[in-house]
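I opened this structure to see how its parts fit together. My notes follow in the order in which I looked things up.

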Amino acid sequence: MKKGIYTVGILTMVVLAFASCKDEKQAQAEKTVNNYVVYVDSLDKVSADDAKANWSTIDAGYQARVSEAEMSVTDAKDSDALKEKLAVSKAKYEALKAKYQAELEAAKPVVKNPNQLLRDRFFGEGKVGEDMNFSWVNKDNILKVYDQFFQSYKDNKGDFSREDYDETKLIYEALDSRKNTVEKEGLSSEDNTKIASIKFKFAPMFKINRIGAKARENAEAKE
């Protein structure tokens, strides 16, 4: 009889200890989740400028707290209620994160491809893209296009790298290809003669400049 009472007592102590452990885990989980919720709510009080300037730090703090909260909920007795509370704050944070990341992305300066900068310099912004499409050039404006190209080349060739000269060669060849088409559309002999004069001056100048750029870069590489 005494042995039975003793066994019951031991089992009762184990159950109580287990329940106490569960209660402690529940209390710890609630505390951790509440701390996480408070952290997310506190971000509403941070100014937009400060938030964007310190977003990496804010996100690092968030990731540490959300991981801790998710782990604590696993062993909680009332995990469903805590998970729901956690989900609400996570959604709130993700919305805030999306907002600030969009604003940060919009604030970044647009960096153009160097080749596009070159094409814009020769013909005007957006006139010629990567496809080297010169369909906008016709018999009425082709002389002006050649002249603008040549003047821009002379004004800027001192800043060209070897890659710039390679790209310029491709651009010039594409423009020449368009000229062959325009000639069949009724290009005047006067404009054709003036374009020939530009081409005559450009070809040797470009060849010498391109060789010079390669020599200069090779010399710089050896220093």
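**Entry 1: helix α5.** I looked up which residues of α5 are buried, and found Gln116, Leu118, Arg119, Asp120, Phe122 and Phe123. Buried means under 20% relative accessible area, exposed means over 50%, and partly exposed lies in between, with a 1.4 Å probe and protein chains only. Helices are DSSP runs of H or I with at least four residues, strands are runs of E with at least two, and both are numbered from the N terminus. This is a predicted model, in which local features need pLDDT of at least 70 and side-chain atom pairs count only at pLDDT 80 or more, while totals for chains, interfaces and linings use all residues. Residues are numbered from 1 along each chain as its sequence is written, and side-chain values use heavy atoms, with hydrogens and water left out.

I then asked what the buried residues of α5 pack against. They pack against α6 and α7. Contact here means heavy atoms within 4.5 Å.

I checked the two ends of α5 as well. At the N-terminal end, Asn113 acts as a cap, with a side-chain oxygen 2.7 Å from the backbone nitrogen of Asn115. After α5 comes Gly124, which has a positive phi near 105°.

Leu117 also lies in α5, but I found it partly exposed, with a relative accessible area of 44%. From Leu117 to Gly129 I noted 10.0 Å, C-alpha to C-alpha, for 12 residues of sequence separation.

**Entry 2: the whole chain.** I stepped back and noted 8 helices and 0 strands in the chain. Of its 223 residues, 31% count as buried. The exposed area is about 14,400 Å², and carbon and sulfur atoms supply 55% of it; the areas come from the Shrake-Rupley method with a 1.4 Å probe, and for residues only the protein chains shown count as cover. Among contacts with a separation of 6 or more, 76% are between residues 24 or more positions apart.

**Entry 3: nonpolar cores.** I searched for nonpolar cores, that is, sets of buried Ala, Val, Leu, Ile, Met, Phe, Trp, Tyr and Cys residues joined through side-chain atoms within 4.5 Å. The largest has 27 residues, and Phe122, Phe123, Phe134 and Ile171 have the most contacts inside it. Two or more residues each come from α5 (114–123), α6 (142–156), α7 (162–183) and α8. Which element gives the largest share of this core? It is α6, with 7 residues.

I listed the contacts of Ile171, leaving aside neighbours within four places in sequence: Leu118, Arg119, Phe122, Phe123, Met132, Phe134 and Phe149. Another core lies apart from the largest one; it has 19 residues, among them Tyr36, Tyr39, Val73 and Leu86. In soluble globular proteins, nonpolar side chains tend to be buried together.

**Entry 4: salt bridges.** How many salt bridges does the whole structure hold? The search finds 11, a salt bridge being a side-chain nitrogen of Lys or Arg within 4 Å of a carboxyl oxygen of Asp or Glu.

I looked at Lys52 and Glu103, whose side chains meet in a salt bridge at 3.1 Å, N to O. Lys52 is in α2 (residues 48–53) and Glu103 in α4 (residues 79–107), so the pair ties together parts that are 51 residues apart in sequence. Lys52 is partly exposed at 25% relative accessibility, and Glu103 is partly exposed at 29%.

Next I looked at Asp166 and Arg210, with their closest N and O atoms 2.7 Å apart in a salt bridge. This pair links α7, which holds Asp166, to α8, which holds Arg210, across 44 residues. Asp166 is partly exposed at 31% relative accessibility.

Lys199 and Asp176 form a further salt bridge, at 2.6 Å between the closest N and O atoms. Here Lys199 is in α8 and Asp176 in α7, 23 residues apart. Lys199 is partly exposed at 23%, whereas Asp176 is buried at 16%.

I also noted a network of salt bridges that links Asp41, Asp44 and Lys92.

**Entry 5: Asp191.** My last look was at Asp191, in α8 (residues 189–222). Asp191 is buried yet has no salt bridge, and the nearest side chain of opposite charge, Lys194, is 5.1 Å away. For charge, Lys and Arg count as positive and Asp and Glu as negative, while His and the chain ends are not counted. Leaving aside neighbours within four places in sequence, Asp191 is in contact with Lys139 and Leu143.

Terms used:
Polar contact = N/O pair within 3.5 Å; in protein donor to acceptor, adjacent residues only side chain to side chain.
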